[in-house]
Amino acid sequence: MRLGTAAAAAATTVIGAGAAAVAAGRYASDMVLKPAPDRPLPGDPRLTVHSTGPGRITLTRSLASLRPGTYGLTGAGAHAVVGPVVDDVPHPADTVVRRLERVTHGTLEPGARMRLTPQVHIGNPRDALGLDCADVDIPGELGALPAWFVPGARETWVITVHGLGTTREHPMVLMPFLSDQRLPVLDPAYRNDPGAPPTADGISHLGDSEWRDLDAAIRYAIRYGAERVVLHGWSTGASMALRAAANSGLRDRIAGLVLDSPVLDWQATVRALAAARRTPRPLLPLAVRAAEGSTGLHADRLADAWVPELLTVPTLLIHGPDDTLAPWSASRELAARRPDLITLHPVPHAPHAAMWNVDPARYEETLRRFLTPLM
């Protein structure tokens, strides 16, 4: 009896530990899949503001604060835009001085904890950029999808689609450039975004269901005058663009794709996000399995979305080998399998979805060359 009792107790302990591990995996999965733009993505640590001066800001020295380019700086009730590193200003060895472009709101107090983000602008294109802009509602599968429309003279429209950790404010970094090219821009929110319809489960499906909201945006654009559309997506927005190009009933009106930091290996992305939420390494496989269970996603199912043979339009793939969230190797493999249609533009030293931020001028020139034949 004592042996039986001990065995039963041991079994109960094992079962309890297993149940706890499964519950922890589910918790980690929910942390990953529930959209939350205010949570930092991997590679975006908090930085301390040490001081500010005319046109400059001093931050904690780290790989993040040393990145080249232009970024948003957000946190502590403030938002600012910072430019490149300034080398000719004296500063302590454990800090970095960057150009301070502007403070959008709040104040940058010493000791404030901030993070760099590829989302440079906040607000709307009218107030943030001075662009003519209309607020429109796109009829979507779950309800009205709020969107910004920036008019242009051309018959080719660009539909921009943000990705993980950002909102429809992120694509505003390209709106001045696209407006200069006289291209109309439609920038929609999609399910579970602020102001957009929520789903019953409230979680991201990494583009697997969200692409239908992009399909609704394509239909809206065609209904209101677009002859053709170019889909420009970041992160999971790029995955949505790939799905729309393969499955939309209006795919023949898609003239091209721009894929910035596409999530092509969703399991690797879930693991990276779970790790960023401090999930213990032994629980990462459980987080992936929990994500499969809660979303219905499986490796084969998502892989079918971007079979290279399904691509029929010119595609510009912009990605960097330093992306810790969406593996660069998957983009390189996709480009190698369709060199007839895919142009791969590598961007070193860029975190996820920040390819523009590292070198805006080079990004826009690459984009101009790609878009010119499609206009």
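**Exercise 1. Find which residues touch the most other members of the largest nonpolar core, then follow Leu 174 outwards.**

Solution. This is a predicted model, so let's work from its contacts. The largest nonpolar core holds 47 residues, and those touching the most other members are Ile 57, Leu 73, Leu 174, Leu 178, Tyr 363, Leu 367 and Leu 371. Now take Leu 174 and skip its neighbours within four places in sequence: what remains in contact is His 232, Trp 234, Trp 356, Tyr 363, Glu 364 and Leu 367. There's also a second, separate core, with 42 residues, Val 136, Ile 222, Leu 259 and Ala 330 among them.

**Exercise 2. Work out the strand order of the open sheet and say which strands stand at its edges.**

Solution. Start with the order: eight strands run 7-8-10-9-11-12-13-14, with mixed pairing. Next, look at the ends. Strand 7 (134–139) and strand 14 (342–346) each have a single partner strand, so one side of each has no neighbour in the sheet. On average, neighbouring strands here are turned by 20° against each other, ignoring direction.

Then zoom in on one pair. Strand 11 (residues 228–234) and strand 12 (residues 254–260) run parallel and are joined by six bridges. Trp 234, for instance, has Asp 260 in strand 12 as its bridge partner.

Finally, add the helices. Helix 5 (residues 236–247) packs on the sheet against strand 9 (156–161), strand 11 and strand 12, and its direction makes about 155° with that of strand 12. Helix 11 (residues 360–371) packs on the sheet too, touching strand 11, strand 12, strand 13 (315–319) and strand 14; here the angle with the direction of strand 13 is about 165°.

**Exercise 3. Trace the closed barrel and find the bridge partner of Leu 47.**

Solution. Six strands make the barrel, in the order 1-2-5-4-3-6, and the pairing is antiparallel. The average turn between neighbouring strands is 45°, direction ignored. Strand 1 (residues 47–53) meets strand 6 (residues 113–117) through two bridges. The partner of Leu 47 in strand 6 is Met 114.

**Exercise 4. Classify the ring pair of Tyr 220 and Tyr 224, and decide for each residue whether it is buried or exposed.**

Solution. Two things describe a pair of aromatic rings: the distance of the centres and the angle of the planes. For Tyr 220 and Tyr 224, the centres are 4.5 Å apart and the planes are at 35°. Stacked needs under 30 degrees and edge-to-face over 60, so this pair is tilted. As for burial, Tyr 220 has a relative accessible area of 10% and is buried, while Tyr 224, at 52%, counts as exposed.

Notes: Residues are numbered from 1 along each chain as its sequence is written. This is a predicted model: local features need pLDDT of at least 70, side-chain atom pairs count only at pLDDT 80 or more; totals for chains, interfaces and linings use all residues. Side-chain values use heavy atoms; hydrogens and water are left out. Two strands pair if DSSP finds at least two bridges between them. Helices (H or I, at least four residues) and strands (E, at least two) are DSSP runs, numbered from the N terminus. Axes are lines fitted to C-alpha atoms, for helices over the stretch in contact, and angles run from 0 to 180 degrees between N-to-C directions. Contact means heavy atoms within 4.5 Å. A nonpolar core is a set of buried Ala, Val, Leu, Ile, Met, Phe, Trp, Tyr and Cys residues joined through side-chain atoms within 4.5 Å. Buried means under 20% relative accessible area, exposed over 50%, partly exposed in between (1.4 Å probe, protein chains only). Rings of Phe, Tyr and Trp (its six-membered ring) pair if their centres lie within 6.5 Å; planes under 30 degrees apart count as stacked, over 60 as edge-to-face and the rest as tilted.
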